[in-house]
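Good morning, colleagues. Please bring up the sequence and the model on your screens before I begin.

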Amino acid sequence: MLGYIVKRILAVIPVMAIVALIVFLILRLTPGDPAAIIAGDTATPDQIASLRESMGLNEPIYVQFFQWIGQLLHGDLGTSLLSGTSVNALIADRIWPTLNIALLSIVMSVAIAVPLGTLAAWRHGRFGDHVVMAISVAGFSVPAFVVGYVLIKVFAADLRWLPVQGYRAPSQGMGEFLRHAILPAMTLTAAYVALTARMTRASLLNVLGEDYIRTAHAKGVKDVTVLLRHGLRNAAVPILTVVGTGFAMLLSGVVVVESVFNIPGIGRLTIDAVMARDYPVIQGMILLTSGIYVLVNLLIDIAYTVFDPRIRY
Amino acid sequence: MATRFKTQDFDPADEVIAIDRLCVELGTAEGGRRVLDEVSLTIRLGETACLVGESGSGKSLTSLAVMGLLPANAIRVTSGSIRLGDTDLLTRSAREIRAMRGSRMSMIFQEPMTALNPVMRVGHQIAEVLEAHGIGSTSERRRRVLDIMAQVHLPDVERVYRSYPHQLSGGQRQRIMIAMALILEPALLIADEPTTALDVTTQQQILGLISELQRVHGTAVLFITHDMGVVSEIADTVHVMRQGRIVESAPAERLFRTPQHDYTKALLDAVPSLHPRQPRPQETRPPVLDVESLGKTYESGGFLKKHVAKRAAEDVTFQLRPGRTLGIVGESGSGKSTVARCVMRLIDPTDGTIRLGDADITRLSPGQLRSRRAKIQIVFQDPYRSLNPRRKIVSSLIEGPINFGLPRNQAIERARTLLETVGLPADALDCYPHQFSGGQRQRIAIARAVAMEPDVIVADEAVSALDVSVQDQVLHLLEDLQRDLGIAILFITHDLRVAAQICDDVIVMQHGKVVEHGTAGDVLVSPRHAYTRALIEAAPGRGWDFAAGREIAREETNA
Amino acid sequence: MADVSRATTPGGGIARLLGLPPGTRIGVVPWIALAMLLFIVLVTVFAPLFSPHDPIALSPLNRLKPSSAEFPLGTDAYGRDVLSRVLYGGQVSLLIGVATAAIAVVAGLAIGLVAGFFRLADALIMRVMDAFMAIPPVLLAVALVAIHGASVSSVILAITFSEIPRVVRLVRSIVLSAREEPYVEAAISLGTRMPVILWRHLMPNTLAPLIVQATYICASAILIEAILSFLGLGIGTETPSWGNIMADGRTYFMLKPSLIFWPGLVLSLCVLSINILGDTARDMLDPRMRKREA
Amino acid sequence: MLSFNRSRIPGFPNARAAARGAGRVLAAGVFALAATTAHAQEKTVTAVMHSGLRMLDPIVSTAHITRNHGYMVYDVLVAMDAEGAVQPQMASWQVSDDRLIYTFTLRDGLSFHDGADVTAADVVASLQRWGARDGAAAFLMEATGSIEAVDAKTVVWTLTEPFPLLLDVLAKQSSVPAFIMPERVAATSPDETITEYVGSGPFVFVEGEFQPGVKIVYERFDDYAPREEPASGLAGGKVVNVDRVEWVTMPDSQTAMSALMNGEIDLIENSQIDLLPILETSPDVTVEIRDPLGYQGFARMNFKHPPFDDVRMRKAAMMALGQEQAMATMIGNPDYYWLCGAIFGCGTPLGDEAGAESLKAGGDKAAARKMLEEAGYDNTPVVIMQATDIGAMGTIPVVIASDLREAGFNVDLQSMDWQTLVSRRASMNPPSEGGWNIFTSFASGVEANTPLVHPILPSTGDTGWFGWATDPELEEMRAAYLKAEGLEEQKQIAHDIQARVLDNVIFVPLGNYAFVQARSNKLTDMLPTAVPVFWNVNIAD
């Protein structure tokens, strides 16, 4: 097991190296000049050129690349071209809102989606199934920002139950955190519930066709027990997988949600950095999110062993 | 050793289950296809009733109908009754039926690997029967589970209790299933092909166990099987099913000695004899396939992991001459299929040499090999997977010849001729595989191999998935082709009966090694190796000549 | 246990191509979805026939007008007719959906076949694919759109890039399991060349799952286009697409929710229909499901 | 110290793994943010500014948000009052009779946020760095012999020739005001950004709470000694009545609006005009225009490439354009925009609308088409760049495209993000090779109200602003303006410049519009300045 984990972590290195290379190349091929944005709209070409020079943007790309890699190996993601802040500090500052909200929405999604998917599988082909699947597919079919706006309009602007925007850390009180986080989390949850409920249903339907389900019935076990004890646990691995790959979707979703709800997370940090061509920040962010993605998938692979004793590494 | 049928008279015993004119139809609406047609049978206390028949005859449907496990939205019972003791099952609510499952009637299935929940400890799975029926405290249940596990002769019950199914052997898993079925001492045990997926030696043990427990508990057993050998070993009463009907019911001995119905006779006729056929004259032409010291080792692990080398085949040597059939027999995992696949170069051998005709093909690159492929062809076990379901029969048949430069129209002509040779109409060319039965598909697969005009055909369990009657026909087809075309056949099988009927020479493999090699007569009649003897001993109904309806003469068996 | 007899009726056409069992039943919902999708496709393809106005004609004096006889769904912030824009917008959105699905499937199929059959290429290809999978798709799209400018083709390219790895993985896994099939080994034994085996025996196996996958890609591409537009990185404002009509309208959500509502409704119905059809296809094609129906 | 009890998290089910993971992440979040403590009892103003602050160097960046930040943290020597007159702020001054020597004397009590006194040496270093970056200051520096600190409080500025506008340049609000920094900070090369943010202004920048692009926090500088006279414009006493000012960025204008109406924030610096009808329904919110000069939208053509290398083509294009449609589309509500053909702003001393008649009349497509034919337009495509991520500003190119098409131009409207536009406009390549023909931008009224400061005027070819207009005649006029004595002469020259700019179509003014501020009625005594400042303002509890 430990050996497997070490091996998996080592296997991450080439992937991350390729990510780093792709990211670097894509960014430097992208038109845009951070010097121009720093200098402002009314700056003259000369002013921008001198700024470019002093920022090191005139170095050949490969020099910049190896400088960056050199920094990376020291755990240093570089310095934001715009604010002069270290990227490590920026990320450390901005990652918690995103993680906390993402986590809240995963917990909410799983709590909603698994029972829904189970219900659909149980009522397979009948009315309950159709209703659940219609809801899930619908959740999948509406853009996140629309969901966000509707939630704001209903729960914040009209009913005034919840704040419109902003973020409070759990340290500022769990109640405040939830009051602010619940709408953004629900926005993210819409698509995530859809994804997870569908997978739960599909996976459970597969499992319900297995011989051991028939065995359980033949033993005289109650239907509900068969469904939950024999069905759900065997269906867990694909569900876990989709939770993991869905995490990537979630990281994309936060970009939108953080804009709509004004949450100072890494999604907005990234979009702002892209818009301003703040290369070190974008590079750091993509590396970070890729790293999180790879890590989450590793954790999920390890979690498989909890659900399925046949899987041993 | 003479065959002894069970002859106990059950007439005075209480009826445990009585099925009366049961009809079952497909679909939920009126007028669906009738899959069970007035099935009636009765089993009494302590009686073993065997339900035999070929695929699709309705054996399993009957058992599922009794258990109340027919898929509700696809199949329904239209008339008839099933009485368990004095309860009419068809009038009971789903809840009441559930309460009876596991306690008054229980069932074991064919494939113990898939029938057990892979993520639950087997002890808990047995204990769940007790839990579902609200019996005992946790510790009480555990005690009873360990007790029944000991009764089914599981070793080290404490450890097995905590094991997951994948950590047990096939035989152990089936014992778990049996323990699960019998822990509440049900009046009726339904065993649906419980030994079909097991090796022959394991099968013998499981059959023995079922009989033993039946004696102890006085259970009525409904035993479903397609294997006449098994029937002859365990049945008190035999019911022969065909196309949803019971065509003949009789006490075992009477059925085997004096079958009444034509279908029963045909079934019995098709059972190959364990006694080898007459040896054919020796062949002296040089071998077409010459395998020497063949070995295949799978290596796994490596970086940060323990290095494991698994020897799937080791030091296998044989020669195959034109027009001859060499059988490789053994149980699962013996390495017989590894040898077949190495010879085909579908996998690369790690040791030894393979000579095909005068060429050493052991180390040829895929490109060099391609030109020699025509000389050696293969027929696989599963007729449903060996033909590309998306391509017409003609495409499958002409693919090889066209690869070797035959013009398309000539290839089609050859395909048409071949189809007739294997006994299919020529218009089958434009059909798709799913339009054919398993036996027909296997004929097509053989035609595809023969179309290449090979010197050697490797038949890898080529008849194992077929019903006995079909199996018989396919074996004859192979024999005819061999006679007409002089093809050499390497015949891989686990079934000694089949090997006895088609092979000139036999290799017995165990754990990747050859333990015995000789003519079919030598190996099967007077085996020298203990393992070969054990295999023969374990073959069910080995003392009975099914086709003739009599014991195999004593001198013949021991000659 | 093979007690249920196999079907021997002849099956034809698409059902056989997809490996469908004959007589597979389809409920009423997929037909509704199909009808809805066809309706949407028809009115967008023939948008010029149904549109009351030029979708890009500005009319600053008619900004943000409510519904009226002249402008059935009102006007947007440029005074353009929303109905006409929604109708024309479908052309671009559907084009993006269909083109993305087609390109992703074709490219993914080619790469996946190679990765699945050639061990040497596999490791490298899959590492690169892993890397692309790990990069959040919206970020990748943002970067690619920034490179090539905001246009339909760069949006398609951007979304395609992030979808390809998923297709590759799917194809590769199918190839890996299909190459163990006896009929593939039989073809090897018949001396058929590798490229031919790939094309003739392995590729068709991927067809049905790919069609299912394509519906999901199509649906998600339409949605991602909307998100890119929301972030200011979609196609330009002139050419309408459902996504950028909504993106343009989002500023006025509180004031005039209909600017988002109508394109959003049509987009959601369209995506919903495609997803339902995909689900239906998947349910029909999943062999395990079939076993249950049998 | 905050404690954290995992078992009491509401909303998280007691599922083992989930709760454990959640607990860990949340707990870590608590520690990371433990430094953030509530300021319940303090007077805090929370404002949503027009854009996010990322750049903290007000000398290097010309961005308005950075300038506004500069006015919070830094002080200036002299400043302009509400009437546009230059007044002493940090220093008073004396001018020699030959107008070549200016002597500035720092007032008492000035200190930096780190406690050090402000000295003349700090002032000299700051002026020199500013002089090296700012465009208007560059003219001044050309006329400068030396700037010296003669003692701790006295700076002597010696000119080589008279520069009548010295005080105006020094007091200007845009683009780069002459902020005073400590000498060690001002010693930073003008091409590099500063890394230490110490000023002597009325607010202290709280570096620990700075989240670039998201939030910036200022606290009152307790040791700041305001001037005694009342605040007027950017001059006068900067009396701070609140403890803390937070600028937050909200990417979504509706979110900001709802937040203001919900009382979550106190001020929106620049509210979307279309949302005003909703804001106006709230009794707790005041909506008003702060800066009467507003902003002027304009279109700039590329002088390097056809068709707009030909003045006749530029004129034809201008003839097709109209301010009404541009402003109506961008702003909508006529209360918040006005047509104005004056490049120095309408209602300003130098404002004059000569040559803008057709623009104000909505353009004349037929006349434009005719001019185009006469000029021999060969259907060369016109690439118009449009930014899609800058809100309402992105609408003008769409209107221009529509106008030009109607006049017969072959228009290629290309959409991109603002960053791409900013870098692409620097490309001198032909439009077919990554160049461009037209882009639009806007200038703040206060930074474009004289020929001295107007950023688009310099027409020196490749060294000028993007579009690279070459117009020696115009350059002569600008030089003459610098030497002009008295308002009348300045007005005359400004009139000539206006006429020349529109005649040669250096750029096309497309109308003026207002920044509309929306603020909570809790805020009182907000100064009516173009630069939003947070001294003088008070907040009710």
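I shall take the chains in turn, beginning with some conventions.

This is a predicted model, in which local features need pLDDT of at least 70 and side-chain atom pairs count only at pLDDT 80 or more, while totals for chains, interfaces and linings use all residues. Residues are numbered from 1 along each chain as its sequence is written, and chains are lettered from A and ligands numbered from 1 in the order in which they are written.

Let me start with chain D. It holds 16 helices and 23 strands; helices here are DSSP runs of H or I of at least four residues, strands are runs of E of at least two, and both are numbered from the N terminus. For its 541 residues, a compact globule would have a radius of gyration near 24 Å, and the 25 Å of chain D agrees with that. That radius is taken over C-alpha atoms, and the globule rule is 2.2 Å times the number of residues to the power 0.38. Along the principal axes, the C-alpha atoms of chain D fill a box of roughly 80 × 70 × 45 Å.

How much of chain D is buried? Of the 541 residues, 56% are buried, that is, 20 or more other C-beta atoms lie within 10 Å of the residue's own; 12 or fewer would make it exposed, anything in between partly exposed, and C-beta atoms are placed from the backbone. Contacts are counted when C-beta atoms, again placed from the backbone, lie within 7 Å. Among the contacts of chain D between residues at least 6 apart in sequence, 70% join residues at least 24 apart.

Turning to the strands of chain D, an open sheet of seven follows the order β10-β11-β12-β1-β13-β21-β14, with mixed pairing. Its edge strands are β10 (203-205) and β14 (285-289) of chain D, each pairing on one side only; two strands pair if DSSP finds at least two bridges between them. At one edge, β10(D) and β11(D), residues 215-220, are antiparallel over three bridges. There F205(D) stands opposite Y218(D) of β11(D).

A further strand of chain D deserves attention. In β17(D), residues 382-387, six of the six residues are buried. V382(D), I384(D) and Q386(D) point one way and V383(D), M385(D) and A387(D) the other, and all are buried. β17(D) pairs with β18(D) in the parallel sense over six bridges, where V382(D) has V411(D) as its bridge partner.

The record adds one item here. An unreviewed UniProt entry annotates residues 87-427 of chain D as "domain: Solute-binding protein family"; positions are given in the numbering used here, feature names are shortened, and annotations may be inferred rather than shown by experiment. That span is 28% helix and 20% strand, with its end C-alpha atoms 42 Å apart.

Next, the neighbours of chain D. Five pairs of chains are in contact, and chains A and D share the most contacts. Chains B and D do not touch, their nearest C-alpha atoms being 18 Å apart. The contact between chains D and C takes 26 residues from chain D and 19 from chain C. On the side of chain D, the elements giving two or more residues are α7 (253-261), α8 (276-280), α10 (323-330), α13 (395-406) and β18 (411-416).

Chain C itself has 12 helices and zero strands. Of its 294 residues, 57% are buried.

For chain A, the unreviewed UniProt entry lists "transmembrane region" at six spans, including residues 9-27 and 101-122. Residues 9-27 of chain A are 100% helix, with end C-alpha atoms 26 Å apart. Residues 101-122 of chain A are likewise 100% helix, and there the end C-alpha atoms are 31 Å apart.

Finally, chain B. Six of its strands form an open sheet in the order β16-β17-β18-β13-β19-β20, with mixed pairing. The edge strands are β16 (376-379) and β20 (513-519) of chain B. From one strand to the next the twist averages 15°; axes are lines fitted to C-alpha atoms, for helices over the stretch in contact, and angles run from 0 to 180 degrees between N-to-C directions. β19(B), residues 505-510, and β20(B) are antiparallel over six bridges, and V508(B) has E516(B) as its bridge partner in β20(B). Helix α12(B), residues 336-343, lies across β13, β17, β18 and β19 of chain B, at about 145° to β18(B).

Thank you for your attention.

Terms used:
Contact = placed C-beta atoms within 7 Å.
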